[in-house]
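Take a look at the structure below. This report walks through it part by part.

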Amino acid sequence: MGDTRQLGMGIGWRPEIADAVEGLPGVDWVEVVAENLCAGHLPDSLLRLRERGVTVVPHGVSLGLGGADRPDAGRLADLAAKATALGAPLVTEHIAFVRAAGPAGALEAGHLLPVQRTWDALEVLCENVRIAQDALPVPLALENIAALISWPGEELTEGQFLAELVERTGVRLLIDVANLHTNHVNRGEDPSKALDELPVEAIAYVHVAGGVERDGVWHDTHAHPVPRPVLDILADLSSRVAPPGVLLERDDDFPPAPALAAELTAIRDTLRRSAPVRLGSVRSAGAAPVAVPAGAAAPATCGGPAGPAGATTAVRAEAAPAAAGPGPVRAADEEARQRVWVAQAALLSALVAGAPVPEGFDRARVRVQSRALAAKRAGVVARIAPELPRILGGGYRAAFLAYAMARPMRDGYRRDALDFAEHLLVAGEPADPGARRRLARWWEERAGERPPGPVARLLHAVRTALRGVKP
């Protein structure tokens, strides 16, 4: 079964709150976004935490294991190197897709998008998971995601989909109770029913985070305090099984350290009140008991992924009888991959490239999701290229959203910042000559090329005129 040690109480490590995290009492472990790390140059704060015995778990966001393509070997190797550098007992990722090949080339969402809960999508996901498991030096756990939109024609509930995934692959689960709340508000899904159906004994750890509701839509912001409904779902989960670890996520609008400490205390209190008497406890003083029940899977540090005991799964009429423990996952049928690719490419094209909304989707929700993706791009680009908002002033956000709504991101956010600046320069923007010179200088320094000049702007004007649109 592997190492049965407990993770305990944790918090998401972010550079903006590194000092606060180091000073928080009762923090047993931290989780760090894998893509923000370089295996050979770990931040000093993480090194100090590791020296104190604090476990560090890398949390990936870019593999896209739910996508139609098989996982990229380079991304897997990079994640494996970071797990090794951190001495992590496991790595985590998401049940999501993040990219798809569209008519105009590869499309990047810049966000985690929900996988169709169909047998085709499950078949593709299971093969992708096994490929990842074989490439990683430690066990893998996968997180349920939050979603604004629902796929038409789904064949399984979330709990059934997760149970089938665990039974077929032996992968562990990272259950985000905030995401269960998000899906309750946005998609009408009952969190208690999901917990009834999924194999809670396969849980590696739990995420807790805040969000906000606007116009009947719950936005999983990770930038607000944890609300009572999310703590109530945590209590429901804890009454069923003792989670080996629980982690507070915060990604933006970071509060002072006392507010973070208070949120951790609220989580501990929720666990303490909801958990029945169990043997063992987490390592944090005063934390709720979270021992693994007899026969349950626990975080492993050697060998392959530990399989859960007692998993409840959906039954598919044509499925073969389950073997004892997770057996080999057969290669996904290429026709199934093709069907998944067609569906995902159509949705992503509508979200990021202005294509028509596919049949069966709630058009209003797709528009909300599209705007949310563009707004996220604007925020991330502003953080990694802060010179752009300074140059453009109050017009930055409106200009970026106008650019992003019909122009998909390519090659990540840094390339997006360059493409945005080039787009403005080609269009002769900004109108202020001084700001335009500063933007051209910024672009030239980073792109290694001369900025678009009068000829490029003239060609742009001609092409625009030929389309019958005023330049």
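## The largest cavity

About 140 Å³ of space lies in the largest cavity. This is a predicted model, and it holds three cavities of 30 Å³ or more. How is such empty space found? Rolling a probe the size of a water molecule over the atoms shows where empty space is left.

The largest cavity has a lining of 14 residues. Nearest its centre lie I95, V115, R117, I145 and E158. By class, the lining counts seven nonpolar, two polar and five charged residues. Helix 5 and helix 6 (177-187) each supply at least two lining residues. Helix 5 gives the most, with three residues.

## The protein as a whole

The protein has 16 helices and twelve strands. It is 471 residues long, and 52% of them count as buried.

Now consider contacts between residues with a separation of 6 or more. Of these contacts, 76% join residues 24 or more positions apart.

## Strand 7 and its neighbours

Strand 7 covers residues 140-143. In a regular strand the side chains alternate between the two faces of the sheet. In strand 7, L140 and L142 point one way, while A141 and E143 point the other way. Are these residues buried or exposed? All four are buried.

Strand 7 pairs with strand 4 (residues 91-94) in the parallel sense, over four bridges. H94 has E143 of strand 7 as its bridge partner. Strand 7 also runs parallel to strand 8 (residues 172-176), and three bridges join the two. Here L142 has L173 of strand 8 as its bridge partner. Between strand 7 and strand 8, the chain crosses through helix 5 (residues 158-169). This β-α-β crossover is right-handed. Helix 5 thus appears again, after its part in the lining of the largest cavity.

## On to strand 9

From strand 8, move to strand 9 (residues 203-208). The two strands pair in the parallel sense over four bridges. One of the links is between L174 and its bridge partner in strand 9, Y205.

Strand 9 is mostly covered, with six of its six residues buried. Strand 9 also pairs with strand 12, again in the parallel sense, over three bridges. V208 has L248 of strand 12 as its bridge partner.

## Unusual backbone in the loops

Two residues have a positive phi although neither is a glycine. D215 has a phi of about 55 degrees. Where is D215 found? D215 sits in the loop between strand 10 (212-214) and strand 11 (217-219). D215 is exposed, with a relative accessible area of 82%.

D253 has a phi near 45 degrees. D253 belongs to the loop between strand 12 (245-248) and helix 9 (257-274). At 53% relative accessibility, D253 also counts as exposed, because the cut-off for exposed is over 50%.

A third loop holds a different feature. Which peptide bond is cis? The bond from E429 to P430 is cis, with omega near -5 degrees. P430 lies in the loop between helix 14 (412-426) and helix 15 (433-447).

Definitions and conventions
Residues are numbered from 1 along each chain as its sequence is written. This is a predicted model: local features need pLDDT of at least 70, side-chain atom pairs count only at pLDDT 80 or more; totals for chains, interfaces and linings use all residues. Side-chain values use heavy atoms; hydrogens and water are left out. Buried means under 20% relative accessible area, exposed over 50%, partly exposed in between (1.4 Å probe, protein chains only). Two strands pair if DSSP finds at least two bridges between them. A crossover is right-handed if, with the strands pointing away from the viewer, the path from the first strand over the helix to the second runs clockwise. On a 1 Å grid over the protein atoms alone, a cavity is a set of points where a 1.4 Å probe fits but cannot get out, and a pocket is an open set with protein on both sides within 12 Å along at least five of seven lines; lining residues have an atom within 4 Å of a point. Grid points are joined across faces, edges and corners, and a volume is the space filled by probe spheres set on the points. Ala, Val, Leu, Ile, Met, Phe, Trp, Tyr, Cys and Pro count as nonpolar, Asp, Glu, Lys and Arg as charged, and the others, Gly among them, as polar. Contact means heavy atoms within 4.5 Å.
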